[in-house]
Amino acid sequence: MLYSHRFRRELLAVQTDVSKWVDRYGDILYRYALARVNDTDVAQDLVQDTFMAALKAIDNFAGKAQEKTWLIGILKHKIIDYYRKKSSQMEKSTESAPDVDAFFDEKGRWAIPVNSWDGDPDRVLSNRQFFATLHECMDQLPKNQFLVFKFREMMTFSIEELCNILNLTATNVSVLLYRARQALRKCIDSNWFERT
Amino acid sequence: MATRIMLSCHEASRLASEGRDRKLTILEKATLRFHIYLCAICKKVEKQMHLLAQAAGRSLEEEEKRLEEKGVNLPQESKDRIKKELPNS
């Protein structure tokens, strides 16, 4: 195939840009991936796949100002694909957790204590102990509830993406999320709160 | 679902959770807001659910920040390998 001089110059310019991007954004992308997959080898592979995909899709890239956001968007999809492939290895556990129905009486009214947390959300979100408690409570969740909460609330995957990764219907996912949220709220409530 | 005006707390908390993941119907939204308006406990629970979601997202950011402070970077061999894979200029 013959390239015109100008086309070849532009092609080289693009390739150089992506090479520079490795230096400029490689570390950020790596830490983003590592925080979400907890595996250094996998994180490195995902970053590599991201740059390869970016090079292929460079024509779709709109403008300089969105470089990092665009790359992270590609990486996020690579992470979703990773979890989707992994899902066949995930245990399909049976739920054995405190039933949410037990939180309510026969008329559907609250039957457990519901305490007030610190009135100032920003103060709560700056409190290290709160996060420690959150993680301890997450670890106590049954596997499926833990996963839906992690994927939905931490990684902000869509419901459809959750269905694909976990091989569940939207209704299944919705029920699991409800149970996870209720269980976590109760666990945190029992273990940590500041009276206003 | 029965079309009643007054939800129970159980129903309301379920609907509040659903509302975080899909668009509620006008009827669902109205019955939920009506219940929350009248029920101080469910109002608290709704706020706490929201806070939980924010905390979850924030904890990942904190993890990334922690990694950065520890100096965790993409290994140089990895960077070199990627650059080598890019078509030669």
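1. In this predicted model, A:Ser174 has a relative accessibility of 12% and therefore counts as buried, the cut-off for that class being under 20%. The residue belongs to helix H8 of chain A, which runs over residues 170-191. Once residues up to four places away in sequence are set aside, A:Ser174 touches B:Arg14 and B:Glu18. Each of these contacts also has a polar component, since the side chain of A:Ser174 is joined to that of B:Arg14 by a polar contact of 3.1 Å, and a polar contact of 3.1 Å likewise joins the side chains of A:Ser174 and B:Glu18.

2. A further place to examine across the chains is B:Glu64, which is found in helix H3 of chain B. Is B:Glu64 buried or exposed? Its relative accessible area is 18%, so with a limit of under 20% B:Glu64 is classed as buried. Leaving out residues up to four places away in sequence, B:Glu64 touches A:Arg31, A:Tyr32, A:Ala35 and A:Arg36. Two of these partners are also related to one another, because the charged end of A:Arg36 sits over the ring of A:Tyr32, at 3.5 Å from the ring centre, where the distance limit for such an arrangement is within 6 Å.

3. The aromatic residues deserve a point of their own. A pair of aromatic rings is described by the distance of the centres and the angle of the planes. Over all chains, the structure holds seven aromatic pairs. One of them is formed by A:Trp21 and A:Trp70, whose rings lie 6.1 Å apart centre to centre with 75° between the planes, an edge-to-face arrangement. This pair links distant parts of the chain, given that A:Trp21 is in helix H1 (residues 5-37) of chain A and A:Trp70 is in helix H3 (residues 67-86) of chain A, 49 residues apart. Both partners are classed as buried, with a relative accessible area of 3% for A:Trp21 and of 18% for A:Trp70.

4. Another edge-to-face pair is made by A:Phe130 and A:Phe131, for which the distance is 6.0 Å centre to centre and the angle between the planes is 85°. A:Phe130 is buried at a relative accessibility of 0%, and A:Phe131, at 11%, counts as buried as well. Elsewhere, ring pairs join A:Tyr82, A:Tyr83, A:Phe151 and A:Phe157 into a cluster.

5. Turning to open space in the model, which residues lie closest to the centre of the largest pocket? The volume of the largest pocket is about 560 Å³. Its lining consists of 23 residues, of which A:His135, B:Ser59, B:Glu62, B:Glu63 and B:Arg66 are the closest to the centre. Two or more lining residues come from each of H1, helix H5 (128-139) and helix H6 (143-154) of chain A, and from H3 of chain B. With seven residues, H3(B) gives the most to this lining.

6. Enclosed space is a separate matter from the pocket. Rolling a probe the size of a water molecule over the atoms shows where empty space is left. The count comes to one cavity of 30 Å³ or more, and the largest cavity holds about 60 Å³ of space. Its lining is made up of B:Ala12, B:Ser13, B:Ala16, B:Leu32, B:Ile36, B:Cys42, B:Val45, B:Glu46 and B:Met49. Helix H1 (9-18), helix H2 (26-38) and helix H3 (40-69) of chain B each supply at least two residues of the lining of the largest cavity, and H3(B), with four residues, gives the most.

7. Finally, two backbone values should be checked by anyone who reads the loops of chain A. Most residues other than glycine have a negative phi, and most peptide bonds are trans. A:Asn38, however, has a positive phi, near 55°, in a residue other than glycine. It is placed in the loop between H1 and helix H2 (40-56) of chain A, and with a relative accessible area of 60% A:Asn38 is exposed. A:Asn167 also has a positive phi, of about 60°, although it is not a glycine. The place of A:Asn167 is in the loop that lies between helix H7 (159-166) and H8 of chain A, and its relative accessible area of 62% makes A:Asn167 exposed.

Conventions
Residues are numbered from 1 along each chain as its sequence is written. Chains are lettered from A and ligands numbered from 1 in the order in which they are written. This is a predicted model: local features need pLDDT of at least 70, side-chain atom pairs count only at pLDDT 80 or more; totals for chains, interfaces and linings use all residues. Side-chain values use heavy atoms; hydrogens and water are left out. Rings of Phe, Tyr and Trp (its six-membered ring) pair if their centres lie within 6.5 Å; planes under 30 degrees apart count as stacked, over 60 as edge-to-face and the rest as tilted. Buried means under 20% relative accessible area, exposed over 50%, partly exposed in between (1.4 Å probe, protein chains only). A charge sits over a ring if NZ of Lys or CZ of Arg is within 6 Å of the ring centre and within 35 degrees of the ring normal. A polar contact is a pair of N or O atoms within 3.5 Å; within protein, one must be able to donate a hydrogen and the other to accept it, and residues adjacent in sequence count only if both atoms are side-chain atoms. Contact means heavy atoms within 4.5 Å. On a 1 Å grid over the protein atoms alone, a cavity is a set of points where a 1.4 Å probe fits but cannot get out, and a pocket is an open set with protein on both sides within 12 Å along at least five of seven lines; lining residues have an atom within 4 Å of a point. Grid points are joined across faces, edges and corners, and a volume is the space filled by probe spheres set on the points.
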